[in-house]
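Here is a short set of exercises for getting to know a new protein chain. Try each task on your own before you read the solution below it.

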Amino acid sequence: FEALSVRPQDSSVRLQLVNDAQRLADRIQETDANLESLSEQLPEEIDGRVKRVNELLKAIAETNREIQRAEATGAFANEPIDRSNALLTELSKLVKVDVTEDQHRVRRVTLNGEILVSGDRASTVRVSDTRPEALDIVCDGAVHEVVPADGEIGTLLRFRAEVIPAIREELDQFARGFMRLVNGIHSEGIG
């Protein structure tokens, strides 16, 4: 740009600017295409994790059932409690949940205050149809929408709904500004 501003009539300098601008435009387009590809892959990634959440919720409900049976007979429920702990650890990596335990050591699992597991009953989780950053929790036929704050799913949902669109918008604004700059310098040289 500096060489062109000093020698705007020099055709070799103008040609170099055009070539450099084209290379930058190609990189911008490549970056945008990569972001688009990532956007297209995210739903599958999110769906796979949501499917795993539902499997974990059912398994936790089953361990609660086993804990209830053991506690009702006065037996120790160490093995189902250990399994439940492992399941809850995995679940917590996917979504940030709150866990409480009743006097019989049965776990209640919630996400943003909405019930995921209560006793031997598990809710179903799905990606929201109305908000790309949210999940629907289906419990007893009622649907409650939540936006996960943390965990892999919350991160992926935010990335899809907020981060990628913001980066693409900034990239677009940069490209438009760069194009105006190059066109302005180019038109000054033509005179």
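The exercises below go from the whole chain to single residues, and the model they work on is a predicted one.

**Exercise 1. The order of the elements**

Task: Find how many helices and strands the chain has, and read their pattern along the sequence.

Solution:
- Step 1. Count the elements: there are 4 helices and 7 strands.
- Step 2. Read them in order, which gives α-α-α-β-β-β-β-β-β-β-α.
- Step 3. Place two of the helices by number: α2 covers residues 11–73, and α3 covers residues 78–94.

**Exercise 2. The overall form**

Task: Set the radius of gyration of the chain beside that of a compact globule of 191 residues.

Solution:
- Step 1. Start from the globule, for which a value near 16 Å would be expected.
- Step 2. Take the value for the chain, which is 27 Å.
- Step 3. Look at the extent along the principal axes: the C-alpha trace spans about 95 × 30 × 20 Å.
- Step 4. Turn to the interior, where buried residues account for 31% of the 191 residues.
- Step 5. Finish with the contacts between residues at least 6 apart in sequence: 54% of them join residues at least 24 apart.

**Exercise 3. Surface and charge**

Task: Describe the exposed area of the chain and its charged side chains.

Solution:
- Step 1. The chain exposes about 11,400 Å².
- Step 2. Carbon and sulfur atoms supply 51% of that area.
- Step 3. Count the charges: 24 side chains are positive and 35 are negative.
- Step 4. Compare where the two sets sit: their centres lie 2 Å apart.

**Exercise 4. A threonine in helix α2**

Task: Decide whether threonine 63 is buried or exposed, and find what surrounds threonine 63.

Solution:
- Step 1. Locate threonine 63, which belongs to helix α2.
- Step 2. Its relative accessibility is 1%, so threonine 63 counts as buried, the cut-off being under 20%.
- Step 3. Look for a partner of the side chain: one of its polar atoms lies 2.7 Å from the backbone oxygen of isoleucine 60.
- Step 4. Leave aside neighbours within four places in sequence, and threonine 63 is in contact with Pro80, Arg83, Ser84 and Leu87.

**Exercise 5. A glutamate in helix α3**

Task: Find which residues glutamate 90 is in contact with, leaving aside neighbours within four places in sequence.

Solution:
- Step 1. Locate glutamate 90 in helix α3.
- Step 2. At 30% relative accessibility, glutamate 90 is partly exposed.
- Step 3. List the contacts: Arg52 and Leu56.
- Step 4. Look closer at arginine 52, whose side chain is joined to that of glutamate 90 by a polar contact of 2.7 Å.
- Step 5. Look along the chain to glutamate 79, 11 residues away: its C-alpha atom and that of glutamate 90 are separated by 17 Å.

**Exercise 6. Three residues in strands**

Task: Work out the surroundings of threonine 110, serine 118 and threonine 124.

Solution:
- Step 1. Threonine 110 lies in strand β2 and is buried at 12% relative accessibility.
- Step 2. Beyond residues up to four places away in sequence, threonine 110 touches Val97, Asp98, Ile115 and Leu116.
- Step 3. Serine 118 belongs to strand β3 and is partly exposed at 30%.
- Step 4. Arginine 107 is 11 residues from serine 118 in sequence, and their C-alpha atoms are 7.0 Å apart in space.
- Step 5. Threonine 124 sits in strand β5, residues 124–127, and at 40% relative accessibility is partly exposed.
- Step 6. With residues up to four places away not counted, threonine 124 touches Asn54, Asp136, Ile137 and Val138.
- Step 7. For a distant pair, take threonine 124 and glutamate 30: they are 94 residues apart in sequence and 39 Å apart from C-alpha to C-alpha.

**Exercise 7. Positive phi in two loops**

Task: Find where asparagine 112 and aspartate 140 lie, and give the phi of each.

Solution:
- Step 1. Recall the background: most residues other than glycine have a negative phi.
- Step 2. Asparagine 112 has a positive phi, near 50 degrees.
- Step 3. Its place is the loop between β2 (107–111) and β3 (114–118), and asparagine 112 is partly exposed at 42% relative accessibility.
- Step 4. Aspartate 140 also has a positive phi, near 55 degrees.
- Step 5. Aspartate 140 lies in the loop between β6 (135–139) and β7 (142–146), and is exposed with a relative accessible area of 62%.

Definitions and conventions
Residues numbered from 1 in each chain as written. Predicted model: local features only at pLDDT ≥ 70, side-chain atom pairs only at ≥ 80, totals over all residues. Heavy atoms only, no water. Rg over C-alpha atoms; globule rule 2.2 N^0.38 Å. Buried < 20%, exposed > 50% of the residue type's maximum accessible area, 1.4 Å probe, protein only. Contact = heavy atoms within 4.5 Å. Areas by Shrake-Rupley, 256 points an atom, 1.4 Å probe, with all protein chains shown as cover. Lys, Arg positive; Asp, Glu negative; His and termini not counted. Charge placed at Lys NZ, Arg CZ, Asp CG, Glu CD. Polar contact = N/O pair within 3.5 Å; in protein donor to acceptor, adjacent residues only side chain to side chain.
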